[in-house]
Amino acid sequence: MLRHTAYMNTASTIVPYLREKLDIEIGTQAWAKMFEILSNFDLINNINNQKWITLHLCEAPGAFISALNHFLVTRSELFISFIYFLLIQY
């Protein structure tokens with residue numbers, strides 16, 4: 001018998017666990033992926049108190065922005081201005 005993808009995916013419980021334990025805004029695999037990247041690689045530093053500006057294109061529902069914001073609030077004193085563009089079709 002074939003099983004549903006969520007049953008076969010051993011990592012399927014990670015995002016619900018993150019939603020519950022970390023009280024994240026947007027609990028998606030994209031959020032978890034971005035937070036993992038930020039946590040494992042030294043991509044953000046605050047040399048000479050520089051101001052950072054990030055640009056996000058087609059960032060809907062905003063999981064990468066949410067993960068970046070959560071990372072900064074919980075692990076850094078750096079303030080970043082967010083600029084994002086959405087393509088909304090009506």
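Buried means under 20% relative accessible area, exposed means over 50%, and partly exposed lies in between. The exercises below apply these terms to a predicted model.

**Exercise 1. Determine whether threonine 28 is buried, partly exposed or exposed, and describe its surroundings.**

Solution.
Step 1. Locate the residue: threonine 28 belongs to the loop between H2 and H3.
Step 2. Classify the residue. The relative accessible area of threonine 28 is 26%, so it is partly exposed.
Step 3. List its contacts. When neighbours within four places in sequence are set aside, threonine 28 touches Val15 and Ala63.
Step 4. Compare sequence with space. Proline 16 and threonine 28 are separated by 12 residues in sequence, and their C-alpha atoms lie 8.6 Å apart.

**Exercise 2. Examine aspartate 23: what is notable about its phi, and is the residue buried or exposed?**

Solution.
Step 1. Aspartate 23 also lies in the loop between H2 and H3.
Step 2. Recall the general rule: most residues other than glycine have a negative phi.
Step 3. For aspartate 23, phi is near 50°, which is a positive value in a residue other than glycine.
Step 4. The relative accessibility of aspartate 23 is 66%, so the residue counts as exposed.

**Exercise 3. Describe the overall layout of the chain and state where confidence is lowest and highest.**

Solution.
Step 1. The chain contains 4 helices and 2 strands. Read from the N terminus, their order is α-α-α-β-α-β.
Step 2. The chain has 90 residues, of which 27% count as buried.
Step 3. Among contacts with a separation of 6 or more, 68% join residues 24 or more positions apart.
Step 4. The mean pLDDT of the chain is 78, with 79% of residues at 70 or more. Helix H1 (residues 5-8) has the lowest confidence, a mean of 62, whereas helix H3 (residues 29-40) has the highest, at 90.
Step 5. Where pLDDT is low, the predicted coordinates should not be read in detail.

**Exercise 4. Check the length of H3 and show how its buried residues are arranged.**

Solution.
Step 1. H3 has 12 residues and, at 1.5 Å a residue, should span 16 Å. Its end C-alpha atoms are 16 Å apart, which agrees with this expectation.
Step 2. The buried residues of H3 are Trp31, Ala32, Met34, Phe35 and Leu38.
Step 3. These residues cover an arc of only 165° around the axis, and therefore lie on the same side of H3.
Step 4. The general reason for such a pattern is that an α-helix has 3.6 residues a turn, so residues three or four places apart point the same way.
Step 5. The face turned away from the buried side bears the exposed residues Gln29, Glu36 and Asn40.
Step 6. The buried residues pack against helix H2 (14-22) and helix H4 (63-75).

**Exercise 5. Identify which members of the largest nonpolar core touch the most other members.**

Solution.
Step 1. This core has 16 residues, and Trp31, Leu38, Ile44, Phe71 and Leu72 touch the most other members.
Step 2. H2, H3 and H4 are the elements that each give two or more residues to the core.
Step 3. Consider isoleucine 44. Not counting residues up to four places away in sequence, isoleucine 44 touches Leu38, Trp52, Leu68, Phe71, Leu72 and Leu78.

**Exercise 6. Find the salt bridge and classify its partners as buried or exposed.**

Solution.
Step 1. The count comes to 1 salt bridge.
Step 2. Glutamate 20 and lysine 21 form a salt bridge, with their closest N and O atoms 3.8 Å apart. The cut-off is 4 Å, and the pair lies within it.
Step 3. Glutamate 20 is exposed at 62% relative accessible area, and lysine 21 is exposed at 51%.

Notes
Residues numbered from 1 in each chain as written. Predicted model: local features only at pLDDT ≥ 70, side-chain atom pairs only at ≥ 80, totals over all residues. Heavy atoms only, no water. Salt bridge = Lys/Arg side-chain N within 4 Å of Asp/Glu carboxyl O. Buried < 20%, exposed > 50% of the residue type's maximum accessible area, 1.4 Å probe, protein only. pLDDT = per-residue confidence, 0-100. Expected span 1.5 Å × (residues − 1). Arc of directions from axis to C-beta. Contact = heavy atoms within 4.5 Å. Core = buried A, V, L, I, M, F, W, Y, C linked by side-chain atoms within 4.5 Å.
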